[in-house]
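Welcome! Here is a short briefing to read alongside the sequence and the 3D view. Take a look at the picture before reading on.

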Amino acid sequence: MRASAVAIIAFHGLLSSSSANAEPTEAAAQLHLDRGIVAFERGDYAVAHRELVAARDLVPHKANPYRWLALAEIQLGDCTQAVTNIDNFVSRVAADDPRLAELTRLRDLCQRTGILNVSARPPATLRIDGSIVGTTPFRALSMRAGAHRVVAEKPGFVAASRSFVVTAGQELTVHLDLVAPSTPVTRRWWFWTIAAGTAIAAGTAFVLLIDGEDSSRLPPIECGPAGCRP
């Protein structure tokens, strides 16, 4: 009987110890979650993501950190990771959870995107479908599936462009080579050297031609009492 009482006391002591350890962990997780939500609401998604990752790591069995992580990742353009966290959230909540509708809709939207990588040589400003999106190298983790056009621009180079199609759930890499414009022939050093030489040669020929015409002309014939003579 006494042994049973000791065992019960020890068991309750273990539960109390586990509860005491869990409480600071959950409190720390809640602090990170709250900070993450505040950062998210002010639009600082990178900071929000960092805080939410810390919350998830402390309480991986909790659903809410996965929800907020997915929302932050969508804002950061990382649909691939967002879908993973949406699935983690769905697996941890009841089927009638009111938050499911929102995340299911976002997951469907994310699954209609692909990943796009664009590089250019030399590095250049990048336009996609007419809008400047940054510079190369460029990576879009949530590019809408379908047809697009990319243009790379850099001062002193001819713009390079390409049309492509992004497939949902797939990754596509596009490379563009920009070339310097060809120099007009009239701006090349050797053009004017040749032109000057040609002009000099033409002038010399002209002079020789005139001189030749003068020297080949017969002197006038003069006639007098003694007869005619040149």
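The points below cover model confidence and then two helix pairs.

This is a predicted model. Helix α3, residues 64-75, appears in both pairs: it packs with helix α5, and its axis also crosses that of helix α2.

**Confidence**
- The protein chain has an average pLDDT of 82, and 70% of the residues reach at least 70.
- For residues 5-11, pLDDT is below 50, and the model shows 0 contacts for this stretch beyond near neighbours in sequence.
- Residues 204-216 stay under 50 as well, with 0 contacts beyond four places in sequence.

**α2 with α3**
- Helix α2 covers residues 45-58; its axis comes within 9 Å of the α3 axis, and the two cross at roughly 155 degrees.
- Because of that angle, α2 counts as roughly antiparallel to α3, the cut-off being over 145 degrees.
- The crossing of α2 past α3 is left-handed.
- On the α2 side, Tyr-45, His-49, Leu-52, Val-53, Ala-55 and Arg-56 make the contact, while α3 brings residues including Pro-65, Tyr-66, Trp-68 and Leu-69.
- By class, this contact of α2 with α3 has 9 nonpolar, 2 polar and 2 charged residues.

**α3 with α5**
- Helix α5 spans residues 100-110 and packs against α3 at an angle of about 35 degrees, with the axes 11 Å apart.
- Here, too, the crossing is left-handed.
- Arg-67, Leu-71 and Ile-74 of α3 touch Glu-102, Leu-103, Leu-106 and Cys-110 of α5.
- The contact of α3 with α5 divides into 5 nonpolar and 2 charged residues, with no polar ones.

Definitions and conventions
Residues numbered from 1 in each chain as written. Predicted model: local features only at pLDDT ≥ 70, side-chain atom pairs only at ≥ 80, totals over all residues. Heavy atoms only, no water. Axes fitted to C-alpha atoms, helices over the stretch in contact; angles between N-to-C directions. Helix = DSSP H or I, 4+ residues; strand = E, 2+ residues; numbered from the N terminus. Left-handed = near helix turned anticlockwise from the far one by under 90°. Contact = heavy atoms within 4.5 Å. Nonpolar A, V, L, I, M, F, W, Y, C, P; charged D, E, K, R; others polar. Parallel < 35°, antiparallel > 145°, perpendicular 65-115°, else oblique. pLDDT = per-residue confidence, 0-100.
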